[in-house]
Amino acid sequence: MTERGASPEDPWVKVEYTSYSDNSLDPGLFVESNRKGSVVSRANSIGSTSASSVPNTDDEDSDYQQEPYKESYKDRRRRAHTQAEQKRRDAIKRGYDDLQAIVPTCQQQDFSIGSQKLSKAIVLQKTIDYIQFLHKEKKKQEEEVSTLRKDVMALKIMKVNYEQIVKAHQDNPHEGEDQVSDQVKFNVFQGIMDSLFQSFNASISVASFQELSACVFSWIEEHCKPQTLQEIVTGVLHQLKNQLY
């Protein structure tokens, strides 16, 4: 007979059944024991697998003890970064406040924005404009200083020349007593200019600038020739001689 629950083709069951049947043992007990053994082995294998999958509690304790240290280190880094950022922002704010206090145009009230606080862009633009204004003023002052230095140099030269004239006059006090006086010189100059002005006034037309330019050149070519000027000067000198003597 074949055991129920086991196939007749199973060689192991067949051999065991034959061997135990020879020894007058119940083959059903043998099959049942085999089944129990397989169940126990499966349970042991499942238990070992479960035990290996369970994490080590000692490692968990060590990780739990190290976790507060990591968190405190991150907190310190975050706090240091926050403090550095706050210092940077405070420095920028102080810089803008200093610009508003230094630049005069930032202190003037802009009616277009009312009483609102000046933005950083407006503060920077006003600062740039003020710096450009200062550069222009500096350039202008440098040009004025250069002009004044030239004037000072010319005055120094004139001073040296007059000092030489005074010294020469002091060395020879009687020199120049027979020279022509300044009044006589002025009378000669006045006579020459009066004669030239009479011819100038009679020849020049001021209807337009073009006509004036043409008349001036014509008058110079006609009345300012060397021979004409010589005649004028000679006549003035004869006239002045007759007045003096």
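**Figure 1. The whole chain, running α-α-α-α-α-α-α-α from start to end.** This is a predicted model, and its chain holds eight helices and zero strands. Of the 245 residues here, 10% are buried. The accessible surface adds up to about 21,200 Å², with carbon and sulfur atoms supplying 56% of that. As for contacts with a separation of 6 or more, 46% of them link residues 24 or more positions apart.

**Figure 2. A close-up of the largest nonpolar core, 10 residues in all.** Its members are Val184, Val188, Ile192, Leu196, Ile204, Cys215, Trp219, Ile232, Val236 and Leu240. Who chips in? Helices α6 (182–203), α7 (209–223) and α8 (226–244) each give two or more residues to this core. The top contributor is α6, with four residues. For background, nonpolar side chains in soluble globular proteins tend to be buried together.

**Figure 3. Where α6 meets α8.** The two helices, α6 and α8, pack with their axes 9 Å apart, at an angle of about 135 degrees. That angle makes α6 oblique to α8, since angles over 145 degrees would be needed to count as roughly antiparallel. The crossing of α6 and α8 is a right-handed one. On the α6 side, the contact is made by Val184, Asn187, Val188, Gly191, Ile192, Ser195 and Leu196. Facing them from α8 are Leu229, Ile232, Val233, Val236, Leu237, Leu240 and Leu244.

**Figure 4. Zooming in on Val236 and the residues it touches.** Which residues does Val236 touch, leaving aside those up to four places away in sequence? They are Asn187, Val188, Gly191 and Ile192. Val188 and Ile192 also sit with Val236 in the largest nonpolar core, and Asn187 and Gly191 are among the α6 residues that make the contact with α8.

**Figure 5. A second, separate core of five residues.** Among its members are Tyr96, Val103, Cys106 and Val123.

**Figure 6. Ile122, a residue of helix α5.** Helix α5 covers residues 120–171, and Ile122 has its place there. Is Ile122 buried, exposed or partly exposed? Its relative accessibility is 29%, so Ile122 counts as partly exposed; buried would call for under 20%. Cys106, one of the residues in the second core, lies 16 residues from Ile122 in sequence. In space, Ile122 and Cys106 are 8.5 Å apart, C-alpha to C-alpha.

Notes:
Residues numbered from 1 in each chain as written. Predicted model: local features only at pLDDT ≥ 70, side-chain atom pairs only at ≥ 80, totals over all residues. Heavy atoms only, no water. Buried < 20%, exposed > 50% of the residue type's maximum accessible area, 1.4 Å probe, protein only. Contact = heavy atoms within 4.5 Å. Areas by Shrake-Rupley, 256 points an atom, 1.4 Å probe, with all protein chains shown as cover. Core = buried A, V, L, I, M, F, W, Y, C linked by side-chain atoms within 4.5 Å. Axes fitted to C-alpha atoms, helices over the stretch in contact; angles between N-to-C directions. Parallel < 35°, antiparallel > 145°, perpendicular 65-115°, else oblique. Left-handed = near helix turned anticlockwise from the far one by under 90°.
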